[in-house]
Amino acid sequence: MSKLTLKTEGDTHLIVTRRFDAPPEAVYRAHLEPKFIQQWMLGPEGWTMPVCINEAKPGGKIRYEWKNSNGQGFYLTGEFIELKPYSKIVHIERMHLPDVTPDNHVETTFASDGTGTLMTMRMTLPDSKARAAMLATGMERGMEASYVRLEGIIGALTSSPASR
Amino acid sequence: MNSSFDLNASFAALADPTRRAILARLALGEATVMELAKPFEMSQPAISQHLKVLEDAGLIVQRVEGTRRPRRLAKPGLEAMDQWLAMLRKALEKNYDRLDQVLAAMDSNKSKERKMR
């Protein structure tokens, strides 16, 4: 069953949709309350989120830190812009890998869909280059670990000739 | 055909924003160095250098047409990128599969709370 859609729109948008068998209130809360976020926003197996700060109010800070068993880690910071229970979350986020990625403006909406919820995440990048980077390397939430792995691969490649 | 296609080299090639933009342009169809240099406000030698990296990474190929050497995307490189995107997509799906479980647990906790009240 393929419930997830991932598509581009215009030059700078990336749209992700997913349906959940739970009411909007639950899906909304699972996106905002650390005790829930820490259980699911982990990307591939092997990663945990020891730090999850989420001040769910306009202007409130976001900070997620991920770690794996090899001691590697990276983090995300951001700010909330708008919160409309239980239908909309607007925030800005950026990854620190440790180089900081361009600001990603994310509008997440939760719409009643029968007994469930249709979530639509609309990401807006500053320019088409930033979005191309995102598509090429997967900055998408849940893809961060892969992104770090990619950075690791690139890092190893670029540093090995110099070290020899 | 480059049978020794190196995925690591193609990821490294993707680390540069100009090269990603070149790939995005070539996704629309083949183009010469001159055509590629135009939107980037870069010199042709600079673009040629990027094209060499992309070519070495197996992401693009060139053909000879008189004095022109138009570049186009290389299918094996593209397929490897597709696989990579599929992997990223899988990671995202994994998150949401976990969220499904979190939501199911929230629902059963709620039922318990209701009973306790």
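Select B:V33, B:M34, B:L36, B:A37 and B:F40 in helix α3 of chain B, then add B:Q44, B:I47, B:S48 and B:L51 in helix α4 of chain B; these two groups of residues meet in this predicted model. By class, the contact of α3(B) with α4(B) comprises seven nonpolar residues and two polar ones, with no charged residue.

Next, display the two helices in full: α3(B) covers residues 33-40 and α4(B) covers residues 44-56. Their axes come within 9 Å and cross at roughly 110°. Angles of 65 to 115 degrees count as roughly perpendicular, and α3(B) and α4(B) are therefore roughly perpendicular to each other.

Now turn to chain A and colour it by secondary structure. Chain A contains four helices and eight strands. Followed from the N terminus, the order of its elements is β-β-α-α-β-β-β-β-β-β-α-α. Chain A has 164 residues, of which 33% count as buried. Among its contacts between residues at least 6 apart in sequence, 39% join residues at least 24 apart.

Within chain A, select A:A30, which is placed in helix α1 (residues 24-32). Is A:A30 buried or exposed? A residue counts as buried if 20 or more other C-beta atoms lie within 10 Å of its own; A:A30 has 24 C-beta neighbours inside 10 Å and therefore counts as buried.

Finally, show the partners of A:A30. Leaving aside neighbours within four places in sequence, A:A30 is in contact with A:F36 in chain A and with B:L99, B:V102, B:L103 and B:M106 in chain B. For a last distance, select the C-alpha atoms of A:A30 and A:M41: these residues are 11 apart along the chain, and the atoms are separated by 9.8 Å.

Notes:
Residues numbered from 1 in each chain as written. Chains lettered and ligands numbered in written order. Predicted model: local features only at pLDDT ≥ 70, side-chain atom pairs only at ≥ 80, totals over all residues. Axes fitted to C-alpha atoms, helices over the stretch in contact; angles between N-to-C directions. Parallel < 35°, antiparallel > 145°, perpendicular 65-115°, else oblique. Contact = placed C-beta atoms within 7 Å. Nonpolar A, V, L, I, M, F, W, Y, C, P; charged D, E, K, R; others polar. Buried ≥ 20, exposed ≤ 12 C-beta atoms within 10 Å, placed from the backbone.
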